[in-house]
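Subject: Structure handover

Hello,

Here is the structure for you to look through. Please open it first, then read the notes below it.

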Amino acid sequence: MITAIALVAAYAALHVLITVVESRQAESRLQDGPARVAAFTVLVDRFAAGDPTARTELVAARAWFEENVPAGRARATVAAVTGLVDLGRGASARARAGALAADVERDRAGLDQDLRSETLAGLWLTAGALAFAGPSLWLRRRRRAATAEAVRTVGRFAERHPPWRQPLFLAASGLGYTLFIGGMTLVSMAQRTSPTEHDRPMTVQVLLLPVGLAAVGAGFLMLRYSRPRSTRGAVRALRADGRRPVLYLRSFADDRTAAQVDDGQALNIHSREEQLASALGAFGPVIAVGRPGEPLPLLGAARFYLPLDDWKPTILRLMDLSQLIVLRVGVGEGLRWEIDQVVATQPARKLLLLTPGRVSEAIDSLDGRLPVPLPLEGVAADTSWISAAVTFAPDWTPQVTAVQPTSGPAPHRRWIMRRLRAAKEVTWDPSPARRTVGAMKTALAAVGVRGRMVVVRSDINMLGTWGKGMVALAILVLLYRLLALAAP
């Protein structure tokens, strides 16, 4: 929060500084104001005296005022005078031009006052940015010190990318989200029937649907290409967060299922793993080993890559450094080894098991590996992704929370559902990822592990990515103003 305040204050201070420079440039151009007023008045007198060539020269004189005088009384007077000249009312134009000199002085005085106010505002914003920058840098250093060992452990295997790669694709993601959501809005408007729909021109009404669908398609393709390339790696995620990590272990064979996108949410294009990682972000940055040889990291947990012949020491060290170990039960000798090591070396409260949809697979994979067998009798035999979330008491007594087929509205949506039901009976079936997050929250709370807004976090992926796009857009606006200021 402190860092965000410092950045916003610095951003606003830069914009105010640019405005101050623009105001000083305008003030400098007004130094020639009295001479321009005198020349303009002479031209009006000539026109009033019957000189027809003065009208053409007045057009050029007006252009100077429009380009160099800030919006105010002087420009309004010049526009009024030239309007009277166009109407052939020379005497009225000469009478109106008599107030031009006083109007220019008033505009100059107003510009001076604005300049003082802008300068003062810029100083205050700069002071505020500096005041928050100190604590922000101190906290940043403290956070990096707290995760230094985890960063060193993961950083030995971090992939190197050009520094421009992530900002470029973040900006592309922001544009993609804007197109996607804007297109969905247009499609919704095209399908909506209301008493005011005939107020729109027929051409607009006909074009809403195809334009909206084209925007949705373009946004989807842009997001599909840019989002995997803009995701942070494990090292950057650890440095940015500063908390001890959440280590996500699973079989690589399950990545395809976790990468599926469910339709339980409106405008949802985020995978199950993304929603799971967002929820677990309430406890710390979520990191996971990436599948060797994959061209791009899957979206969700921040990836790092380990050599095939020397990965076990790194996993053991990260188990010690992590505050929570989330293990999705599956097949594979490597995953079975990880289960054995967690049971042998880590506190029971640190482990969160996610059992697969087919309970028989969980029973086979965990056979004899836990101090106490899991009571999975009441868990549904076949769900689409995760069947249960399991946590453990200090003596390894399991707490099994089944992922129900439907769980009803989330707490923060119940008031909306009550109002909808008042008008018409509706139902809401949460996505498998959201039901898993709900079960996971309940299971963790049973052993005293609580995080803020665990379930809500699984719903805000789109807002977060859109926010990054807006930040990139704000930077582009600032660069545009700087270039315009430097232009002759």
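**Overall make-up**

The chain's secondary structure comes to 19 helices and seven strands. Please keep in mind that this is a predicted model. The chain has 488 residues, and 42% of them count as buried. Now take the contacts in the chain with a separation of 6 or more. Residues 24 or more positions apart account for 74% of those.

**The sheet**

Start with the strands. They form an open sheet of seven strands, in the order 3-2-1-4-5-6-7, and the pairing is mixed. Strand 3 and strand 7 stand at the edges. Each of these two has a single partner strand, so one side of each is left without a neighbour in the sheet. On average, neighbouring strands of this sheet are turned by 25° against each other, direction ignored.

Look at the strand 3 edge next. Strand 3 covers residues 302-304. Strand 2, residues 286-289, runs parallel to strand 3, and three bridges join the two. Find Val-289 here: Phe-304 in strand 3 stands opposite it.

Then go to strand 6, residues 386-392. How many of its residues are buried? Seven of its seven are, so you can call this strand mostly covered. Strand 6 has pairings with two strands that you can trace:

- Strand 5 (residues 351-356) pairs with strand 6 in the antiparallel sense, over four bridges. Leu-353 stands opposite Val-390 in strand 6.
- Strand 7 (residues 398-402) also runs antiparallel to strand 6, and five bridges join them. Phe-392 stands opposite Pro-398 in strand 7.

**The hairpin and Trp-396**

Strand 6 and strand 7 form a hairpin, with five residues between them. Trp-396 lies in the loop between these two strands. Check its backbone. Trp-396 has a positive phi of about 70°, although it is not a glycine. Most residues other than glycine have a negative phi. Is Trp-396 buried or exposed? Its relative accessibility is 10%, and buried means under 20%, so Trp-396 counts as buried.

**Helix 12 across the sheet**

Helix 12 is made up of residues 272-280. It lies across strand 1 (246-249), strand 2, strand 3, strand 4 (324-328) and strand 5. Its direction is at about 155° to strand 1. Helix 12 is mostly covered too, with nine of its nine residues buried. Charged residues are on the buried list, including Arg-272, Glu-273 and Glu-274. Leu-276, Ala-277 and Leu-280 are among the buried residues as well.

**Two residues to find**

Phe-252 is in the loop between strand 1 and helix 11 (255-258). It has 33% relative accessibility, so it counts as partly exposed. Which residues does Phe-252 touch, leaving aside its neighbours within four places in sequence? The contacts are with Val-289, Gly-290, Arg-291 and Pro-292. You met Val-289 above, opposite Phe-304. Phe-252 and Val-331 are 79 residues apart along the chain, yet their C-alpha atoms are separated by 9.1 Å.

Leu-123 lies in helix 6, residues 100-146. Exposed means over 50% relative accessible area, and Leu-123 has 55%, so it counts as exposed. Now find Ala-13. It is 110 residues from Leu-123 along the chain, and the two C-alpha atoms are separated by 7.7 Å.

**The second largest pocket**

Finish with a pocket. The second largest one holds about 630 Å³ of space. It is lined by 29 residues. Which of them lie nearest its centre? They are Glu-159, His-161, Arg-232, Gly-233 and Arg-236.

Several elements each supply at least two residues of this lining:

- helix 7 (148-155) and helix 8 (165-191)
- helix 9 (202-230) and helix 10 (234-241)
- strand 3, which you saw at the edge of the sheet

Helix 10 gives the largest share of the lining, four residues. By type, the lining divides into 15 nonpolar, five polar and nine charged residues.

Best wishes

Terms used: Residues are numbered from 1 along each chain as its sequence is written. This is a predicted model: local features need pLDDT of at least 70, side-chain atom pairs count only at pLDDT 80 or more; totals for chains, interfaces and linings use all residues. Side-chain values use heavy atoms; hydrogens and water are left out. On a 1 Å grid over the protein atoms alone, a cavity is a set of points where a 1.4 Å probe fits but cannot get out, and a pocket is an open set with protein on both sides within 12 Å along at least five of seven lines; lining residues have an atom within 4 Å of a point. Grid points are joined across faces, edges and corners, and a volume is the space filled by probe spheres set on the points. Buried means under 20% relative accessible area, exposed over 50%, partly exposed in between (1.4 Å probe, protein chains only). Two strands pair if DSSP finds at least two bridges between them. Axes are lines fitted to C-alpha atoms, for helices over the stretch in contact, and angles run from 0 to 180 degrees between N-to-C directions. Contact means heavy atoms within 4.5 Å.
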